[in-house]
Amino acid sequence: MSYQPELIGGHLLVDLVNTVSWRLDGARRIDRLSTRVDLADWCAAVGLSPGDTPLQDVTRLREIAYRVLRPMARGEGPARADLDALRRLIVEAMDTAEPSAPDLVRLLDWQVDGLMGTLAMAAARLLERADLTRLRECQDDDCGWLFLDRSKNGSRRWCSSADCGNRARAKRHYERVRSS
């Protein structure tokens, strides 16, 4: 594996969105899905197969999902155009869906073929079933990663306490020492 994905989002779609490191800092921004090998590595980490899915389709879905989820993590509503784009991807996935069992007809329990169908249905399941009041954005100014806060008291602030959290604590310490 050339790149080891960090699966901290708490949901498949959120982990896909987090394949852009330092999203909010143009100088440090790294797209971790820039090649087919990257896509294969990410898929292996989450237990999926990329099949012959075009990389640009996956990154397009990722960016649409980010534009929908980031405002929600900030307590805002996403743009209607972004919701419509995500809805279209979900509808496309449903065109190939089959019930997961003959007696099941619930929309979100259907199985789809291919990576795009799986990711689109993950989006539908996230929006339908997850407690989106627990969706957060890392509080590092440049990070931009999202996560579902599953802490008991809902107080998680960082994508990773060992990464962004440590940097923030070190920065606060440095500023305290410098000011005294």
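Okay, let me start with one residue: tryptophan 22 counts as buried, because its relative accessibility is 17% and the cut-off for buried is under 20%. Tryptophan 22 is found in the loop between strand S1, residues 20-21, and strand S2, residues 30-31. Have a look at its backbone too: phi of tryptophan 22 is near 55°, a positive value in a residue other than glycine. Before I go on, keep in mind that this is a predicted model.

So, the overall layout. We've got six helices and six strands. Going from the N terminus, the elements run α-β-β-α-α-α-β-β-α-β-β-α. The protein has 180 residues, and 44% of them count as buried. The accessible surface comes to about 9,900 Å², with 50% of that belonging to carbon and sulfur atoms. And if you take contacts between residues at least 6 apart in sequence, 51% of those join residues at least 24 apart.

Now to the helices, and H3 in particular. Which way does H3 run relative to H5? The axes of H3 and helix H5, which is residues 114-129, come within 10 Å and cross at roughly 10°. Angles under 35 degrees count as roughly parallel, so H3 is roughly parallel to H5. On the H3 side, the contact is made by Asp57, Val58, Leu61, Leu69 and Met72. On the H5 side you'll find Leu115, Met116, Leu119, Ala120, Leu126 and Leu127. Sort the residues of that contact by type and you get 10 nonpolar, no polar and one charged.

On to the charged pairs. How many salt bridges turn up in the whole structure? A search finds 10. I'll walk you through a few.

Let's stay with H3 for a moment. Arginine 67 forms a salt bridge with aspartate 82, and the closest N and O atoms are 2.9 Å apart. That pair links distant parts of the chain, with arginine 67 in helix H3 (residues 55-73) and aspartate 82 in helix H4 (residues 80-94), 15 residues apart. Are the two partners buried or exposed? Arginine 67 counts as partly exposed at 38% relative accessibility, while aspartate 82 counts as buried at 14%.

Next one, also on H3: glutamate 137 pairs with arginine 70, and here the closest N and O atoms are 2.7 Å apart. Glutamate 137 lies in strand S5, residues 135-137, and arginine 70 is in helix H3, so this salt bridge ties together parts that are 67 residues apart in sequence. Glutamate 137 has 12% relative accessibility, so it counts as buried.

Strand S5 comes up again with arginine 136. Its side chain meets that of aspartate 149 in a salt bridge, at 3.6 Å from N to O. Aspartate 149 sits in the loop between strand S6 (146-148) and helix H6 (161-179), and arginine 136 is in strand S5, so the pair ties together parts that are 13 residues apart in sequence. As for exposure, aspartate 149 is buried, with a relative accessible area of 1%, and arginine 136 is partly exposed, at 22%.

One last thing on salt bridges. Some of them share partners, and that joins Arg23, Asp31, Arg62 and Glu63 into one network. If you've got the structure open, that's the group to click on while we talk.

Key:
Residues numbered from 1 in each chain as written. Predicted model: local features only at pLDDT ≥ 70, side-chain atom pairs only at ≥ 80, totals over all residues. Heavy atoms only, no water. Salt bridge = Lys/Arg side-chain N within 4 Å of Asp/Glu carboxyl O. Helix = DSSP H or I, 4+ residues; strand = E, 2+ residues; numbered from the N terminus. Buried < 20%, exposed > 50% of the residue type's maximum accessible area, 1.4 Å probe, protein only. Axes fitted to C-alpha atoms, helices over the stretch in contact; angles between N-to-C directions. Parallel < 35°, antiparallel > 145°, perpendicular 65-115°, else oblique. Contact = heavy atoms within 4.5 Å. Nonpolar A, V, L, I, M, F, W, Y, C, P; charged D, E, K, R; others polar. Areas by Shrake-Rupley, 256 points an atom, 1.4 Å probe, with all protein chains shown as cover.
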